[in-house]
Amino acid sequence: MTSFDTSPQLTAWRTLLALAVVFVMLATTGWTAVHRHERTTALKSSLGAWERGRIAGRQLPGPQSTPARLARFFASLTAGQRDRLAERYPLAVGNMNGAPAALRYRANRIAIQEQIGVERARTRDKRLSPAGQHEAGRRTHRLESMTDAGRQILAFDPEGTGRVAEVFGDLDRAERISVVVPGVDTALLTFQRTHRRYSAPVGMAEALYAAQREARPSTRTAVIAWADYTSPAGLGIDSATAMRAERGAVRLNALVRGLPGGSPVSLFCHSYGSVVCGVAAHALPDRVSDIAVAGSPGMRVENAAQLDTGARVWAMRDSDDWVQDVPYLELGGLGHGADPVASGFGARVLSAREARGHGGYFEPGTDSLRNFADIGTGEYGSVRCADDNDLCRADLPGTTTAGRA
């Protein structure tokens, strides 16, 4: 729900909820069943080649091995051997949780360069419609920008609408790590924007990284723009159910478990991204210290305790955000449960002044971004609560407020 701010789409969402029972009945009879045929993708081909590969006479570990095992494997290699693996299997290595971050950046740069060639060829492919050729041109331009000097692409998959993740800061040396989890219509072409810059993952992460450095210059931070899940396209059945969130939650947990070091991790989850974080919460490792949601349609639970996480749970919503008019309920699998900013939910409710609507939470100069930065750097005593009270800071490190949020 990243970019939907209009009332007709909100009406459509309500209609979907009203049709929940009918949908479930049809689904159980198989009327809505979609038969998916597995096909080979570039990433699957790279992973398959990796499974058959060897280095210095050694068999390579399975690509689905735990991040810890993969980290040990890469640590046992020479720098030259690691580079050869990145060159041979760029997509596999570039998406391998447990591989060194710098090696993943190198592998993904190679994979992106290869995909640029594919997209350029598609712009001249007479079998494609003019619209298809135009789309290939747009993808080429986006991919070329991702090879600019200094960009650190942590994950990349060109299949379909595309998945990608980018790091700002030094991930290996970071004392605090933040992950931005965006909402619907997140794809390769919407990973960054010129117009409405801070409503796209790259702009969100850049703004958060800059705000964290301003809030606590002495703390080494890293921020990940994480668009490495297949988000719902538009406001439809997929955005009203948890199917995409459940798959995204698996990927989010894999990312966190594969991060280097043991520094605290904070998740900043916008709109449908908060559904992903809610579904992921119970399985997150202990290093996740905070889960902050903004403009949330719900987290698939009735209260924060049901998230079953030791992380602090924060929530905010701007007064102009249309998502407040979405029915906060779950019926027949549609809808995402209780309102995270409601008093009975149990989250620490933050100020979002100046956010201006559903897509403005990462705009510089807003309370929402300042609050995110304070949480991400551990400056809990500086967060600003909603309604000018101190409840959201209760029992936090560096604060003296009594009671619970």
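## The sheet

In this predicted model, eight strands come together as an open sheet of mixed pairing, and their order across the sheet is β3-β4-β6-β5-β7-β8-β9-β10. The edges are formed by β3 (152-157) and β10 (348-349), each of which pairs on one side only. Strands of a sheet pair through backbone hydrogen bonds, in either a parallel or an antiparallel sense.

## The β3 edge and its hairpin

Although β3 is an edge strand, this strand is mostly covered, with six of its six residues buried. Its pairing with β4 is antiparallel and extends over five bridges, and within this pair I153 stands opposite E166 in β4. Five residues lie between the two strands of this hairpin, where G160 takes a positive phi near 60 degrees.

## A parallel pair and a packed helix

Strand β5 (residues 176-181) pairs with strand β6 (residues 221-227) in the parallel sense, over five bridges, and V223 in β6 is the bridge partner of S178. Helix α9 (residues 201-215) packs on the sheet, where this helix touches β4 (163-169), β5, β6 and β7 (265-270), and the direction of α9 makes about 165 degrees with that of β6.

## The β10 edge and R348

At the other edge, strand β10 contains R348. Which side chain of opposite charge is nearest to R348? That side chain is D395, at 5.6 Å, and R348 is buried yet has no salt bridge, because a salt bridge needs a side-chain nitrogen of Lys or Arg within 4 Å of a carboxyl oxygen of Asp or Glu. A polar atom of the R348 side chain does, however, lie 2.7 Å from the backbone oxygen of A394.

Note on methods. Residues are numbered from 1 along each chain as its sequence is written. This is a predicted model: local features need pLDDT of at least 70, side-chain atom pairs count only at pLDDT 80 or more; totals for chains, interfaces and linings use all residues. Side-chain values use heavy atoms; hydrogens and water are left out. Two strands pair if DSSP finds at least two bridges between them. Helices (H or I, at least four residues) and strands (E, at least two) are DSSP runs, numbered from the N terminus. Contact means heavy atoms within 4.5 Å. Axes are lines fitted to C-alpha atoms, for helices over the stretch in contact, and angles run from 0 to 180 degrees between N-to-C directions. Buried means under 20% relative accessible area, exposed over 50%, partly exposed in between (1.4 Å probe, protein chains only). Lys and Arg count as positive and Asp and Glu as negative; His and the chain ends are not counted. A polar contact is a pair of N or O atoms within 3.5 Å; within protein, one must be able to donate a hydrogen and the other to accept it, and residues adjacent in sequence count only if both atoms are side-chain atoms.
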